[in-house]
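Work through the exercises below with the sequence and the model open. Each task is followed by a solution in steps.

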Amino acid sequence: MAAVSVDTITTTQLRLSSGNGPVSRTVLKTPLRDALPSEIPIIDVSGIFSSSKDDRTNVARQIREAATNNGFFYIKNHGIPSEVPEAACERLLEFFRQPPEVKERAHIRQSKYFNGYKPPRSQRINPFESVDVRETFSWTYDPRYDPSVPDPAAIPPHIARYLRCEEFYWEATSNLPHFKEAIIRYWRSCLAVARALVRAFALSLDLPEDFFAEKFTHPDAALALNYYPPLPVSTQQQQQTSAEQGEAEVSIGSHTDFQLFTILWQDSNGGLQVLNRQGQWINARPIPGTFVVNIADYMQRITNDRYVSTVHRAQNYSGNERISMPFFFGFNLNESCGVLDSCVAEGEEKKYGEISCEEWVQRRARAMHRQGESSGK
């Protein structure tokens with residue numbers, strides 16, 4: 001596809017929040033189109049599980065290319081059987097289709113850590129856009145379900161104090177047979193892939209594969225399981241003709257993710273949109289057998305902006321209910337990290353100071369929920 005000239009196309013400014021305050025992006029007012037393979041490539045990651053260093057390095061090279069381009073890529077041959085996300089999706093539909101008063105038993109108000117159920121009109125991830133048209137079931141890392149933790153009681157206190165384990169949401173969903181089982185199985189599957197991907201990311205940054213090993217023994221590995229009702233066609237038409245941001249409803253507003261990277265399973269209805277490097281919105285359509293992986297803010301920070309945390313959003317104009325199941329992965333919350341030396345070329349400076357994972361996540365989470373509360377939801 002020929003390059004788009006900003007000089008001949010009208011642009012607008014997209015505003016969004018970040019860990020460093022409000023930021024803006026220049027967006028081309030061009031028709032939404034599907035992503036090209038060069039923009040969001042499909043990477044066969046079977047090599048990250050290989051005993052061959054050459055195989056693992058080959059995958060790492062492809063990850064580097066994608067991470068420095070648009071920061072999004074699909075992964076295939078990841079080792080997660082299709083029935084795992086499909087079962088989780090079915091159980092989620094059962095949960096979200098329940099009467100409001102039943103879902104309210106798992107409401108986030110019972111949580112200290114934003115866990116549990118978030119009802120309609122209770123989230124606004126972008127303060128400059130509409131309230132998100134979605135419901136969410138959230139769950140954070142719990143070492144009791146991590147196969148790599150033989151004895152949760154033996155976790156050192158300096159790590160344990162950051163863990164955010166709760167039970168009320170499982171008790172509140174006990175009326176749904178197999179709900180907990182399906183969600184935990186999906187989470188464990190993503191966790192296994194994420195731990196392998198971290199080693200590939202280290203290789204991609206010219207670091208030893210185990211460079212980050214001590215930083216994700218008990219990672220910030222969380223789920224935000226989203227239910228998107230269909231947006232009306234009138235909203236789609238409004239978005240296409242609106243000149244100003246915030247005039248049309250969004251399924252989830254324009255944003256970047258918090259930590260290292262996200263692994264996303266999405267159903268066949270589609271709706272994920274990515275803002276590419278040229279400022280065009282492009283569709284990241286569902287591809288059977290794949291997950292979408294995207295770089296998040298903390299990864300961009302420690303790579304000195306080498307790897308790109310790209311703005312994205314979701315718009316469900318399919319006419320159907322849509323389920324997406326993002327798995328967010330970051331270092332232990334007790335850890336911290338500064339800009340990596342391997343990401344600073346001769347003559348360059350480190351753009352960011354060291355910051356703890358806990359402080360970074362809390363900074364973003366507080367801002368997001370404060371904005372939601374101030375919007376009168």
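Buried means under 20% relative accessible area, exposed over 50%, and partly exposed in between, with a 1.4 Å probe and protein chains only. The model is a predicted one, in which local features need pLDDT of at least 70 and side-chain atom pairs count only at pLDDT 80 or more, while totals for chains, interfaces and linings use all residues. Residues are numbered from 1 along each chain as its sequence is written, and side-chain values use heavy atoms, with hydrogens and water left out. Helices (H or I, at least four residues) and strands (E, at least two) are DSSP runs, numbered from the N terminus.

**Exercise 1. Positive phi**

Determine whether N304 and N77 are buried, partly exposed or exposed, and locate each of them in the chain.

Step 1. Most residues other than glycine have a negative phi.

Step 2. N304 is not a glycine, yet its phi is positive, at about 60 degrees. N304 lies in the loop between helix 8 (297–302) and strand 14 (312–314). Its relative accessibility is 2%, so N304 counts as buried.

Step 3. N77 also has a positive phi without being a glycine, near 55 degrees. The loop that holds N77 runs between strand 5 (72–76) and helix 2 (83–96). N77 is partly exposed because its relative accessibility is 45%.

**Exercise 2. Strand 7 and its partners**

Find which strands pair with strand 7, and state how many of its residues are buried.

Step 1. Two strands pair if DSSP finds at least two bridges between them.

Step 2. Strand 6 (residues 116–118) runs antiparallel to strand 7, and 3 bridges join them. G116 has S138 of strand 7 as its bridge partner.

Step 3. Strand 8 (residues 220–228) is paired with strand 7 in the antiparallel sense over 5 bridges. Opposite F137 stands L225 of strand 8, and opposite E135 stands Y227.

Step 4. In a regular strand the side chains alternate between the two faces of the sheet. In strand 7, E135, F137 and W139 are on one side and T136 and S138 on the other, and all are buried. For strand 7 (residues 135–139) the count is thus 5 of its 5 residues buried.

**Exercise 3. The sheets**

Give the strand order of the sheet of 8 strands and of the sheet of 5 strands, with the edge strands of each.

Step 1. The 8 strands form an open sheet with mixed pairing, in the order 4-5-13-10-15-8-7-6. Its edges are strand 4 (42–44) and strand 6, each pairing on one side only. Neighbouring strands here are turned by 25 degrees against each other on average, direction ignored. For such angles, axes are lines fitted to C-alpha atoms, for helices over the stretch in contact, and angles run from 0 to 180 degrees between N-to-C directions.

Step 2. Two helices pack on this sheet, where contact means heavy atoms within 4.5 Å. Helix 1 touches strand 4, strand 5 and strand 13 (291–295), and its direction makes about 160 degrees with that of strand 4. Helix 6 touches strands including strand 7, strand 8 and strand 10 (261–266), and its direction makes about 135 degrees with that of strand 10.

Step 3. The 5 strands form an open sheet in the order 3-12-11-14-9, again with mixed pairing. Strand 3 (33–34) and strand 9 (252–255) are the edge strands, each pairing on one side only. Within this sheet, strand 11 (residues 272–275) and strand 12 (residues 281–283) are antiparallel, with 3 bridges. L275 is opposite W281 of strand 12.

**Exercise 4. Helix 1 against helix 6**

Describe how helix 1 and helix 6 pack, and which residues meet.

Step 1. The axes of helix 1 (residues 53–67) and helix 6 (residues 179–204) are 8 Å apart, at an angle of about 75 degrees. Helix 1 is therefore roughly perpendicular to helix 6, a term for angles of 65 to 115 degrees.

Step 2. From helix 1, K53, R56, T57, A60, I63 and R64 meet L197, A200, F201, L203 and S204 of helix 6.

**Exercise 5. Cysteines**

How many disulfides are there?

Step 1. A disulfide is a pair of cysteine sulfur atoms within 2.5 Å. The count is 0 disulfides.

Step 2. C190 is in no disulfide, as the nearest cysteine sulfur, that of C89, is 13 Å away. C190 is buried, at 0% relative accessible area.

Step 3. The closest cysteine sulfur to that of C343 is in C337, 9.4 Å away, which is too far for a bond. C343 counts as buried because its relative accessibility is 2%.

Methods:
Parallel < 35°, antiparallel > 145°, perpendicular 65-115°, else oblique.
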